[in-house]
Amino acid sequence: MLILPQRRWGILSGMPLRRVTSVLAVALAAGALAACGASEGDGDARAGTATTSAADRSARTAKLAAAPAALRDNAEGADTLSGEGEDALHARLDKLHGHPVVVNVWASWCGPCRAEFPFFADAVVEHGDKVAFVGIDFEDDRESADRFLDEIPPGFASIFDPQGDATRSLGGGRVMPTTFFLDRDGEVAYTKFGGYPDAAALEADIRRHALGAA
């Protein structure tokens, strides 16, 4: 988990936030990957690697074929930056009214984001016909973000948020990564600060806060 300093300013230097946090991310990435690594089992050992296989994409497509139109439309543009800023985020969320939504805030400079992305890719395959998944790329460089998505595709489309306004509109912007669970009325029902240590923890939160399962 990265706890961010005041937006866009570094300690003593006045440098942009992403430059400061990129230094921190290098140091934290190895620890985050180790925590989510082979000691937790074969599934978690894949953290930080591209895991969306052709079979995964085929399974996701097959499930979406029977999904509500809003979820099918939301899945378009998966693994890309699709829209920019607060207005684009809320336009997308408005179209998902009536469906639970999981919003993951990430950035290419965030080591824990790299560790948890494969868990989200699996969750999209499993639950994408019932739950909408949306990403927000927080205070990032677009070229770096595009490379990150090519390397570790999460299975959902993301809003590019270079100024952080979209993230802050949901109550985020101080801890990376952050995941918001929105109910069918579009209200934030639960916020997870920090990265998921394994796929089971994410699955439990999806079942509890998106699907309403005990």
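**Salt bridges, a disulfide and a surface patch**

At 54% relative accessibility, Glu143 counts as exposed (over 50% relative accessible area is exposed, under 20% is buried, and anything in between is partly exposed, using a 1.4 Å probe and protein chains only). The model is a predicted one, so local features need pLDDT of at least 70 and side-chain atom pairs count only at pLDDT 80 or more, while totals for chains, interfaces and linings use all residues. Residues are numbered from 1 along each chain as its sequence is written, and side-chain values use heavy atoms, with hydrogens and water left out.

Glu143 has a partner: its side chain meets that of Arg147 in a salt bridge, at 3.2 Å from N to O (a salt bridge being a side-chain nitrogen of Lys or Arg within 4 Å of a carboxyl oxygen of Asp or Glu). Arg147 is partly exposed, with a relative accessible area of 49%. The two sit four residues apart in helix α6, so about one helical turn separates them. Helices here are DSSP runs of H or I with at least four residues, strands are runs of E with at least two, and both are numbered from the N terminus.

That pair is part of a bigger tally, as a search of the whole structure finds eight salt bridges. Another one joins the side chains of Arg168 and Glu139, at 3.9 Å from N to O. Arg168 lies in helix α7 (residues 165–169) and Glu139 in the loop between β4 (132–138) and α6 (142–151), so this pair ties together parts that are 29 residues apart in sequence. The two ends are not equally open to the outside: Arg168 is partly exposed at 31% relative accessibility, whereas Glu139 is buried at 2%.

Arg168 also forms a salt bridge with Asp165, and here the closest N and O atoms are 3.0 Å apart. Both of these residues belong to helix α7, three residues apart, or about one turn of the helix. Asp165 comes out as partly exposed, at 37% relative accessibility. Put together, Glu139, Asp165 and Arg168 are linked in a network of salt bridges.

Next come the cysteines. Cys110 and Cys113 form a disulfide, with their sulfur atoms 2.4 Å apart (the rule asks for a pair of cysteine sulfur atoms within 2.5 Å). By that rule, the count comes to one disulfide. The link is right-handed, with 85 degrees about the S-S bond. Both ends are tucked away: Cys110 counts as buried at 1% relative accessibility, and Cys113 is buried too, at 0%.

On the surface, Met1, Ile3 and Phe193 make a nonpolar patch of about 340 Å². To join such a patch, a residue needs over 30% relative accessible area and no salt bridge; nonpolar side chains (Val, Leu, Ile, Met, Phe, Trp, Tyr) are joined within 5 Å, and like charges within 9 Å. Phe193 lies in strand β8 (residues 188–193) and is partly exposed, with a relative accessible area of 44%.

Finally, the chain as a whole. The protein chain has eight helices and eight strands, and 49% of its 214 residues count as buried. About 9,600 Å² is exposed, with carbon and sulfur atoms supplying 52% of it (areas come from the Shrake-Rupley method with a 1.4 Å probe, and for residues only the protein chains shown count as cover). Among contacts between residues at least 6 apart in sequence, 75% join residues at least 24 apart, a contact meaning heavy atoms within 4.5 Å.
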